[in-house]
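Please find below some notes for a colleague who is opening this entry for the first time. They are set out as numbered points, to be read alongside the sequence and the structure.

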Amino acid sequence: MSDPLKISIAGLGTVGAGVVDLLNQNGSQISRRCGREIVITAVSARDFKRDRGVDISNFDWFDDPVSMARDADSNVYLELIGGEDGIAKECCEVAFASGKSVVTANKALIAHHGTALAIQAEQRGLGLAYEAAVAGGIPVVKSLREGLAGNKITDLYGILNGTCNYILTAMRESGREFEDVLSEAQTLGYAETDPSFDVDGVDAAHKLAILSSLAFGCQVNFGDTYVEGIRHISALDIRFANELGYRIKLLGVARATNDGIVQRVHPCMVKLDSPVAHVEGIYNAVVVEGNFVGSTVYEGRGAGAGATASAVVADLIDIARGIKTPTFGIPASELVSLSAAPMDCHVGSYYIRLMVLDRPGVFANIAGVLSDEEVSMEAILQRTRSPGESVPVVMTTHDVEEESIKRALYRFAQYDTVVEKPRMIRVEPVTLQKI
Ligand SMILES: NC(=O)c1ccc[n+]([C@@H]2O[C@H](COP(=O)([O-])OP(=O)(O)OC[C@H]3O[C@@H](n4cnc5c(N)ncnc54)[C@H](OP(=O)(O)O)[C@@H]3O)[C@@H](O)[C@H]2O)c1
């Protein structure tokens, strides 16, 4: 057997302790697969005394993860602390400067600084690996970078945030509202105390920006991602979606178009026969379309100690085997800067819900606005009539530019018979591509 691969681990929380546990349990099998052992030499976290459910007494302890990046006797540094800047970024930079490759699960860091960090690593002949940063245990980074490398990627989309998927699934199954289900998710540990990164779509947008770079050979461009979360989705919309034959999912969608890269995260209505409609609860799924392979679908657990440790260790095994692939599929210095396609140019069909007072003339006003803005209706649903009270009017449209829909929504909101902010959800025509 070759010399062992020595690793140091910064961060011993859910992911870090999961990695220690996985290497303890599966170490001998992994050594046989790599032809060498993977040995933990040093660890760092804030609190030395905390019980982490794994034995760390045989490893050198560092109070300071930056000193560990510089001084630990290791070939690979695992950054499992988190955060888009600050200590996580400093640790990676010091590790590279000290000749260590880096494995991280930190999507915020890669989404904001992925290109620059990849350049630092590649200039020194070192690795930067981040499989765990996108969709947890699902090997979608490796699939894009290696398994699908012969294809031109035309399109990718997916459910990239387990917390949102759990909430939307629970809202549909129980008929409860967002806030109620969110607090249950927090109690069960599926949502953070501050859930904004998840429910406002930022976490999914981090992952989408990374996938986009891998798919289209462009610099990681989180800043230009259109992001909309799920706070405004109501139980009523979920019920109507069901009636119309749809599920509501928070999707990340990336596509190369003549107007630039489409990179958007928002709630979508997807047909029940789409590959993501039945991916429920905390599960993630990613669909990637290649011009020769057609559609490929990846599904699994997007978070948690086991799934994330599985992805981190897969990266370590590649390094132990001496496998070197450019961080984003092509050398980082050659990643191109592509502009984002403006959201107002988005063309698609839309679900619109208005809460209106059932008075004479209401429908004439709605029809007038739609006609002025050249929005053509595909279907309309109106439920119970109860004079004096507001009733929902639900429409789906044929394909139309987003700008027209926004103008129509603005004009609907001006009528005093429209009593709540008009709601809009984009309908995403996601089906498996046949080639
Ligand atoms: N949890 C998941 O399911 C999951 C999935 C995919 C990706 N990720 C990513 O993986 C990374 C880690 O997530 P996690 O859930 O494991 O986080 P976590 O449970 O909060 O653990 C963070 C660890 O970092 C340590 N730490 C924080 N600040 C530090 C500092 N200044 N110096 C030294 N150590 C420090 C903490 O030490 P103490 O324990 O002593 O406080 C803790 O051990 C994040 O980037 C996250 O986005 C997580």
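**Notes on a predicted model**

1. A nonpolar patch on the surface is made up of Phe-363, Met-377 and Ile-380, which together have about 240 Å² of accessible area. Readers should keep in mind throughout that this is a predicted model.

2. Within that patch, Ile-380 deserves a separate word, since Ile-380 belongs to strand β14, which spans residues 377-382. Its relative accessible area is 44%, and Ile-380 is therefore classed as partly exposed, because that class lies between the limits of 20% and 50%.

3. The next point concerns the ligand, around which there are 22 residues, and those that come nearest are Leu-12, Val-15, Asp-47, Arg-52 and Gly-304. Arg-52 also appears among the polar pairs, with an N or O atom of its side chain 2.7 Å from an oxygen atom of the ligand. A polar backbone atom of Thr-14 is 3.0 Å from an oxygen atom of the ligand, while for Lys-107 a polar side-chain atom lies 3.5 Å from a ligand oxygen. On its own the ligand has 900 Å² of accessible area, of which the protein covers 79%.

4. Is Ala-129 buried or exposed? Its relative accessibility is 9%, and Ala-129 therefore counts as buried, because the limit for that class is under 20%. Ala-129 lies in strand β6, which is formed by residues 128-129. When neighbours within four places in sequence are left aside, the residues in contact with Ala-129 are Val-102, Val-103, Thr-104 and Asp-315.

5. A distance may help the reader to place Ala-129 with respect to another part of the sequence. Between Ala-129 and Phe-292 there are 27 Å in space, taken from C-alpha to C-alpha, and the two residues are 163 residues apart in sequence.

6. The last point turns to Glu-428, which is found in the segment after β17, a strand covering 423-427. With a relative accessibility of 3%, Glu-428 counts as buried, because this value is under 20%. Which residues does Glu-428 touch, not counting those up to four places away in sequence? They are Leu-251, Val-253, Arg-255, Arg-264, His-266, Cys-268, Met-269 and Val-270. With one of these residues, Arg-264, the side chain of Glu-428 makes a side-chain to side-chain polar contact of 3.0 Å.

Notes:
Residues numbered from 1 in each chain as written. Predicted model: local features only at pLDDT ≥ 70, side-chain atom pairs only at ≥ 80, totals over all residues. Heavy atoms only, no water. Patch = residues over 30% accessible without salt bridge, like charges linked within 9 Å, V, L, I, M, F, W, Y side chains within 5 Å. Areas by Shrake-Rupley, 256 points an atom, 1.4 Å probe, with all protein chains shown as cover. Salt bridge = Lys/Arg side-chain N within 4 Å of Asp/Glu carboxyl O. Helix = DSSP H or I, 4+ residues; strand = E, 2+ residues; numbered from the N terminus. Buried < 20%, exposed > 50% of the residue type's maximum accessible area, 1.4 Å probe, protein only. Contact = heavy atoms within 4.5 Å. Near = heavy atom within 4 Å. Polar contact = N/O pair within 3.5 Å; in protein donor to acceptor, adjacent residues only side chain to side chain.
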